[in-house]
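Here is a short guided walk through one protein chain. Keep the viewer open beside the text and turn to each element as it comes up.

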Amino acid sequence: MESPSQRKAPPVGALGEGVSPDALRVNILAADGSCVSAPVLVNSQVHGDVLIKVMNDVQLNTDSGLEPTLFDYKESIRTHYKRVQEYNSLPAEDVLLTDRYTDLLIVQNHRQQKEREVEISFRGASFFSAREAYQSTTVDQFFSPDDRGDVPRAVILQGHSGHGKSFTVQKIMLDWASGNLYQDRFELILHLRCKELNQVSGKRCVVDLVSCSQKYTPLISQKLKDSPQKVLLLIDGFDELQFPMDEISDSPVKDLLTPAPVEATLSALLKGSILLDCFLLVSTRPTAADTLSKLLKGPQRSTEILGFSESGVQEYFQRFCQDQQVAEKAFSSVKANETLFTSCSIPVICWIVCTVFWEQLKENAEMAEPETTTSIFVDFVSTLLEHHCQHLSQPVPTLLRSLGQLAERGMLEQRVLFEKESVESKISDLASVPFLCKFLLKKKVRKKEMFSFMHLSFQEFFTALYYTFDQNEEKVEELLKSFQGDEMKSHLLPVIQFLFGLSNREVMQDLEHLKLPSPSSIRRQLEEWMLGLIKGNSDSKKADMTLFILHCLYELHEGKPCEDNHKETPFVCRAMEAWGEINFDSIPLTRTDCWVLLYCLQCCPTIRSLELNNCNMTADKLRMLQPALSRCEELGFGMQDLSDVDVGDLISALGEGKILHRLYAFHSSLSEESVQQIFSALYRQKSVGRVGLTVKTITLTTAERLLQFYRNTQIGDFVGVGLPEEAGQAESLCSVLVLRKVKNYFGLLIGHFAGPAAESSGLKLILLFSAEMSSATLSRILQAFHPLRRPAENSPEYDECVDALMAHLSSLPDLMEVTLSTGCLTEIWANRILTLIHTCPQLREVQFGAAIFDGSRDGESGLLLEEGIRSLKEARTRPGCKVTLHGKRCSKPADPCTRLRDRELSCNNVSIVGMKTSPVRDVEDTTDHQVTCAGHEASATQREHRDSEKDQDPLQFFASHFE
């Protein structure tokens, strides 16, 4: 039949007089998916060539009797493939594939044993970072030429169960039919599901086998016959075939229409004995990849889906939630749980986590409480057993027990890779088991089959599950004993945590659904061990062990006391009541850790003491913990990035009547009003130990407020404010200001941070007075100190300001001790020290530290110049006043270093120089924890002692951001 584009125009003579044919030429161009409607002209004629050009094989049906076209086929594919049913979809319920599908991490190169061991063992960010090192590929590159210029005729797409193989195949079909993929390469793509092929009986020819509908059989037959090189055949789920493909020999299939058994027809397609020029993409689990590769025609390309990358997990959360704020909240919660975050690289687990989170969010729009890790893993096992484990050759309990035995042996021997022989001794039908990964490794001149669990966390889970079989109390007792004594087997801690999770009542119901035993007697065993650990083991007081115990209690998840209807007190409540105090020190707490802590604290009738120091606490985590913090009798609390908006939450958390050991707000920028609000809340506490706040600026009002608080509350240790390192200091009197109680003395720390200039080192003063300072005295010191920040260091103006400050210090009658810290001990600074000693009769000690005061904790050491040391040694000092110098000293006998920028040269060694009495001489003096080294480099022991003393000084801590 003649197509519309081939129909000829009438002869020129029929056009009419004087009309050029070229002037009447009409072009109508239709893009893919568009329609062309010819104009209807009444009593008129259209003359000339009418050219209708069809893009991407779109054809016009001008006659209802024509056969279905490629356009119809693509439209059918788009309609059929754009939706997908999820595991929990109800009848007639589905979602758009594009709303769920997220690009997967696909690699082409085979990984080495070491790479696999690292990947399996790492968790969280380290796990995803290790994967980023692999060279990835994308679907549109599957049929690109390789390094030798060869284009693969067959691509193997392997991936473990639940990793997205079928989703990827469906997305390929949808993208091609929508004009977004393989447009220049393939005119036709066909899709075969091996699960459906298992149901086909009798003989089938190639055309019948690949035709999705009789409607399109003529079209498909014509394309396969005329242009097989433009056809791609997708075969999904090779591992699910129930007939043995590797046993088929010479295929009887010789052409497209010869009927043959399904396995023979499929074998002919794979081998290329029919449709040799046709392209193939076959998905399979790794367990069948080797068999497939031996059957498949060449050239071949092997690819593997590893799951989601870190950015892929985040994108999936955004697609699922379709609400940016909700997605970010869910993602950050999961990311904080390293085990759960790692497992979210598996798409089906990512779906489970999102589904559970979304259900919880519908119940509580404010906060969705994280599901226990164990319950997510049980849901994963249940999902794979239901949807990815057809035709198992052994009962589910037998399979899970065998997996558990294999996992336990690996945990005890601390290995994650297993040889084929050891796996086959436990599990009979490896090809049907979705929980193990198979891969090939080169061993000298041979290939070796190896197996592993999807990740170490699954090996830990199956080990714990194995211990629940037959109430295996002896094995559990042996496991728990491994945590006694000095050689704690910390690699087994996750197994214990999973055991607690399997003892959760809701999880036990899920286990019964899988026809697995309930670990009720093991739960009693775990409870006795946990109470003994809390009451009698000092290790439970260590911060990391404390966190482990709390996570174990959270896995039980019995409900809060006010919600619990049990007659007896829930175990979590009894465990928390037995705990006297909870102390976290320098252990960063994630959002998940905070959820766990909140749950456990809410299960505690009274919270006696809680210390959260240097735990990476943010305003968001503060709001999470606020209900529990307000109930604490004793509290030590440090947080960062506190804004004025968050101050109300902090005040609510503080409550009143507490013994407040410490309150720190690091890296914040609080206004005067916020500082006033915080101090008002502190007045309502029983006692206050340490307070440190970072503020926008330090003014005389700020200083007066600190002094009044110091006087009125009898502060236990110190109260201070400081600027963030990045803050400008133009309007601030100083960078840091601290008032401290030192026995019966009054301590003052004041400092300017170093500026951006290369020779800038900053200046810090620590002053100790025999009597409490008046407001007027504090004001005058600040006003004398403030001008130092304007001029460049070592300039005449700067020296003039320093001299004015030192003169003012000499006039203070109660000054007992002075500590100075700046970049270099010069002759000028030595003379200032001597002047201060002679003009301040009550002064008993001066310390000079050559250091960079830049707001960091330790600061870099500066230089003790020989000119300064010499001036102090040659001068006559007042008896009873000790001088100690700290810093780096140049060891070169000639031409010693004199510039601050030279401090990192190897000739400069850390030294302590001590001097006292008159005339000055180097002496050995170990009183007052000072070590005199007569100018020589301090020993390692001496440096360690000095550094530890420095670390124990809260003033030093505050000067470097409050600890």
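The protein chain holds 35 helices and 31 strands. Please keep in mind that this is a predicted model. Of its 963 residues, 54% count as buried. Among contacts with a separation of 6 or more, 73% join residues that lie 24 or more positions apart.

**Helix α29 and its surroundings**

Let us begin with α29, which covers residues 700–713. At 1.5 Å a residue, its 14 residues should span 20 Å, and the end C-alpha atoms are indeed 20 Å apart, so the two values agree. Just at the start of the helix, a side-chain oxygen of T699 comes to within 3.3 Å of the backbone nitrogen of T701. After the other end comes Q714, with a positive phi near 50°.

Which residues of α29 are buried? They are T702, A703, R705, L706, L707, F709 and Y710. The cover over these buried residues includes the helices α28 (672–683) and α30 (775–785), together with the strands β21 (687–695), β22 (718–722), β23 (736–742) and β24 (745–752).

One of these strands, β21, contains G692. With a relative accessibility of 0%, G692 counts as buried. Its C-alpha atom is separated by 7.7 Å from that of G722, although the two positions lie 30 residues apart along the chain, counted as a sequence separation.

**Two helix pairs**

Now for two pairs of packed helices, set side by side.

| Pair | Residues | Axis separation | Angle |
|---|---|---|---|
| α31 and α32 | 796–810 and 827–839 | within 9 Å | roughly 20° |
| α11 and α12 | 310–321 and 324–335 | 8 Å | about 140° |

The angle between α31 and α32 makes them roughly parallel. For α11 and α12, the angle makes the two helices oblique to each other, because only angles over 145 degrees would count as roughly antiparallel. The crossing of α31 and α32 is right-handed, and the crossing of α11 and α12 is right-handed too.

Which residues meet where α31 packs on α32? From α31 come D799, V802, D803, M806, L809 and S810, and from α32 come I828, W829, R832, L836 and T839. In an α-helix there are 3.6 residues a turn, so residues three or four places apart point the same way. In the other pair, α11 brings E310, V313, Q314, F317, Q318 and C321. These meet Q324, V326, A327, A330, F331, V334 and K335 of α12.

**Two buried residues to look up**

Q459 sits in helix α18, which runs over residues 456–468. Is Q459 buried or exposed? Its relative accessible area is 0%, so Q459 is buried. The Q459 side chain reaches the backbone oxygen of R415 at 3.0 Å. Setting aside neighbours within four places in sequence, Q459 is in contact with A407, G410, M411, R415, V416, F418 and F453.

C437 belongs to strand β15, residues 436–443. At 5% relative accessibility C437 is also buried, since the cut-off for that label is under 20%. Beyond its neighbours within four places in sequence, C437 has contacts with H160, M450, F451, S452, F453 and M454. F453 thus appears in the contact lists of both C437 and Q459. C437 and S161 are 276 residues apart in sequence, yet their C-alpha atoms are 9.3 Å apart in space.

Note on methods
Residues are numbered from 1 along each chain as its sequence is written. This is a predicted model: local features need pLDDT of at least 70, side-chain atom pairs count only at pLDDT 80 or more; totals for chains, interfaces and linings use all residues. Side-chain values use heavy atoms; hydrogens and water are left out. Helices (H or I, at least four residues) and strands (E, at least two) are DSSP runs, numbered from the N terminus. The expected span of a helix is 1.5 Å times one less than its number of residues. Buried means under 20% relative accessible area, exposed over 50%, partly exposed in between (1.4 Å probe, protein chains only). Contact means heavy atoms within 4.5 Å. A polar contact is a pair of N or O atoms within 3.5 Å; within protein, one must be able to donate a hydrogen and the other to accept it, and residues adjacent in sequence count only if both atoms are side-chain atoms. Axes are lines fitted to C-alpha atoms, for helices over the stretch in contact, and angles run from 0 to 180 degrees between N-to-C directions. Angles under 35 degrees count as roughly parallel, over 145 as roughly antiparallel, 65 to 115 as roughly perpendicular and the rest as oblique. A crossing is left-handed if the near helix is turned anticlockwise from the far one by less than a right angle, and right-handed if clockwise.
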